Structure formats: C-alpha cells, structure tokens
Amino acid sequence: MKYCRFQTDAGPQYGEVVERAGTLWIERLLPPFEEDPWTKLASDGFEPVPFATVKLLAAVVPSKIVCIGRNYREHAAELGNEVPKEPLLFLKAPSSVIAAGEAIRIPSLSQRVDFEGELAVVMGKRATKIGAEEDVRPYIRGYTIVNDVTARDLQKSDGQWSRAKGFDTFCPMGPLVTDEVDPDAGLALETRLNGEVKQHGTTLDLIFGVAALLRHITAAMTLLPGDVIPTGTPAGVAPMQPGDRVEVTVEGIGTLSNPVASSQ
Ligand code: MG
C-alpha cells in the first residue's frame with residue numbers, strides 16, 4: 001500500500017494513494033500512527049482527490065530520525081573517509097523535516113550546503129533489541145525518500161554533525177510511503193540538480209542493509225512508530241544555491257522535489 005499525509009479542512013490526514021489510469025489519487029483516509037498526536041480522523045464522506053492537487057505534508061511525524069553515515073563505499077571515498085566497520089549513526093532533528101515541494105533554506109551560517117538523496121525506512125511498530133534471527137519486516141511500515149541536507153563546512157568544523165545536519169528545512173521527506181518495494185532486491189536512486197543527474201546509485205550497494213541497520217540501532221535505542229531511518233547516500237553529493245531545484249527519485253516510491261531558497 002502507498003500512503004501520504006496531507007492537509008485538509010479538518011487538519012492533517014493520512015490517505016491511501018492508488019494509481020488509476022496513470023494518475024495517482026488519494027482514495028480514502030487512513031487511521032493515524034498510534035503515537036502521532038497531531039492527526040485526528042476526519043468525519044466520513046471523504047471523496048477521492050487527485051494526489052497532485054493536495055498540499056502534501058511530511059509523510060510521517062517522527063519522534064527521531066536516525067541517519068546512517070558512509071553507507072555507500074564510493075560516497076565515503078569521495079569525502080576522503082574510510083568505510084566504517086559497523087553502521088555509523090547520527091540523529092537529525094525532527095524540527096528539520098519539511099514536505100515535498102517546500103523550500104530548503106540555505107542558512108547564512110554556511111558557505112556550502114549539499115544535497116544527499118537517500119532511501120529511508122519508516123517504522124510501523126515499536127522495536128527494541130531486534131534479535132539476530134528475527135525478521136525485521138513486521139516492524140517496517142514502508143519506505144520513503146529523504147534528502148539529508150548537510151552544511152558540509154560546519155560538519156567538518158564542528159567535529160560532530162548535529163548543527164550541520166539539523167538546520168530547519170534540512171530534512172525534506174516524501175512524497176509518500178510505500179510497502180510495495182524491497183531494497184534488498186535493488187532500488188535505483190537518482191538525484192538531479194536543476195534537471196542534471198548528480199547521484200545515480202542502487203540500494204544493492206548499501207554496505208549495511210536494512211535488517212542489519214535495524215538490529216544495530218535497536219540494540220541501543222527503541223524505535224517508535226513513525227521513526228525514520230535514512231539509509232545513507234551514494235556518491236555525487238554537491239552544493240545547492242538559492243534558486244535551484246533538487247529532485248530525488250527512488251524506484252517504486254516516486255520523486256521528492258524541493259526548491260532551494262535563501263534563509264529568511
Ligand atoms: Mg546522509
């Protein structure tokens with residue numbers, strides 16, 4: 001199933017997205033995530049609406065965003081880093097999340113802000129200490145796309161990454177969540193800046209796959225429904241400027257497109 005989160009007169013809602021004759025429609029409203037306090041179910045009588053006409057919201061409201069650094073060999077190399085021996089975790093501020101279509105704001109504090117197109121896991125169930133032999137799939141709600149926007153200069157000068165990865169608008173997410181794809185089977189990932197292809201990878205090249213990541217993370221911290229795990233970015237990261245448009249496409253999910261603007 002595919003679903004999105006979008007604005008209605010009754011407030012934010014989750015809706016099932018279906019394809020009919022080549023067009024995506026929001027077919028029906030869905031119950032909210034158990035631990036998402038911001039969404040209430042609307043009254044019945046919902047009429048299907050074309051997906052392209054609604055104001056999308058970020059596909060989930062995460063309690064935390066647990067990112068993976070250097071999870072593609074060529075990306076680690078392009079920034080002069082070693083491939084990690086175990087997954088390298090960092091947290092991205094939930095307040096940095098924006099929806100597809102919203103503007104990434106370049107802060108005046110940074111001279112270099114990069115895109116990082118990534119496949120992201122969306123949790124569906126609370127997960128603690130997932131066992132080595134345990135199937136991780138029942139914990140996964142689906143997959144979406146994240147642009148792990150990074151102030152590259154501050155990432156280096158700060159010595160750790162909280163500020164560089166955590167500015168407001170630095171986590172575009174969406175446009176929808178789907179459980180109809182399998183990263184282990186290989187999903188093509190492409191990032192375009194103003195239409196020019198900058199990143200072209202496949203999830204087959206992930207150093208640590210989804211199951212290994214979820215085991216590693218939940219050995220340390222409980223993942224809650226709606227938590228998001230961006231799985232790392234392939235080679236080809238590059239800076240963005242105000243006026244640009246950045247698009248991340250993941251096979252079977254869709255395209256996350258955001259304009260870039262200066263800070264306000
Ligand atoms: Mg990243």
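Here are some worked exercises on the structure above.

This is a predicted model, where local features need pLDDT of at least 70, side-chain atom pairs count only at pLDDT 80 or more, and totals for chains, interfaces and linings use all residues. Residues are numbered from 1 along each chain as its sequence is written, and side-chain values use heavy atoms, with hydrogens and water left out.

**Exercise 1. The overall build**

Task: Work out how many helices and strands the protein has, and what its radius of gyration is.

Solution:
- Step 1. Start with the parts list: there are four helices and 19 strands. Helices (H or I, at least four residues) and strands (E, at least two) are DSSP runs, numbered from the N terminus.
- Step 2. The radius of gyration is 18 Å, close to the 18 Å that the globule rule gives for 264 residues, so the protein is as compact as a globular protein of that length. The radius is taken over C-alpha atoms, and the rule is 2.2 Å times the number of residues to the power 0.38.
- Step 3. Now picture a box along the principal axes: the C-alpha atoms fill roughly 55 × 50 × 35 Å.
- Step 4. Of the 264 residues, 52% are buried. Buried means under 20% relative accessible area, exposed means over 50%, and partly exposed is in between (1.4 Å probe, protein chains only).
- Step 5. Take contacts between residues at least 6 apart in sequence: 73% of them join residues at least 24 apart. A contact means heavy atoms within 4.5 Å.

**Exercise 2. The magnesium ion**

Task: Find which residues are the protein donors of the magnesium ion, and where E118 and D148 lie.

Solution:
- Step 1. Look around the ion: E116 (OE), E118 (OE) and D148 (OD) are the protein donors, at 2.0 to 2.1 Å. Donors are N, O and S atoms within 2.8 Å of the metal (3.2 Å for Na, K and Ca), and since water is not among the atoms, sites may look incomplete.
- Step 2. Along the chain, these donors follow the spacing E-x1-E-x29-D.
- Step 3. E118 sits in strand β11 (residues 117–123), while D148 is in the loop between β12 (140–147) and β13 (150–151), so this pair ties together parts that are 30 residues apart in sequence.
- Step 4. Check the burial: E118 has 0% relative accessibility and counts as buried. D148 is buried too, with a relative accessible area of 0%.

**Exercise 3. Unusual backbone spots**

Task: Say what omega is at the peptide bond between G174 and P175, and whether T169 is buried or exposed.

Solution:
- Step 1. Keep the usual pattern in mind: most residues other than glycine have a negative phi, and most peptide bonds are trans.
- Step 2. G174 and P175 are joined by a cis peptide bond, with omega at about 5 degrees. P175 belongs to strand β14 (residues 171–178).
- Step 3. K129 isn't a glycine, yet its phi is positive, near 50 degrees. You'll find K129 in the loop between β11 and β12, and it is exposed, with a relative accessible area of 57%.
- Step 4. T169 also has a positive phi without being a glycine, about 75 degrees. T169 lies in the loop between α3 (162–166) and β14, where it is buried at a relative accessible area of 13%.
- Step 5. Leaving aside residues up to four places away in sequence, T169 touches S96, I98, A103, I104 and R105.

**Exercise 4. Far in sequence, and in space?**

Task: Work out how many Å separate the C-alpha atoms of K85 and F208, of G209 and N71, and of G15 and P32.

Solution:
- Step 1. K85 and F208 are 123 residues apart in sequence, and their C-alpha atoms are 9.7 Å apart. K85 is in the loop between α1 (73–78) and β7 (88–92), and at 83% relative accessibility it counts as exposed.
- Step 2. G209 and N71 are 138 residues apart along the chain, with 8.9 Å between their C-alpha atoms. G209 sits in the loop between β16 (196–202) and α4 (210–218), and counts as partly exposed at 25% relative accessibility.
- Step 3. G15 and P32 are 17 residues apart along the chain, and their C-alpha atoms are separated by 9.4 Å. G15 lies in strand β2 (residues 11–20) and is buried, at 0% relative accessibility.
- Step 4. Not counting residues up to four places away in sequence, G15 touches several others, including K2, Y3, I26 and L30.
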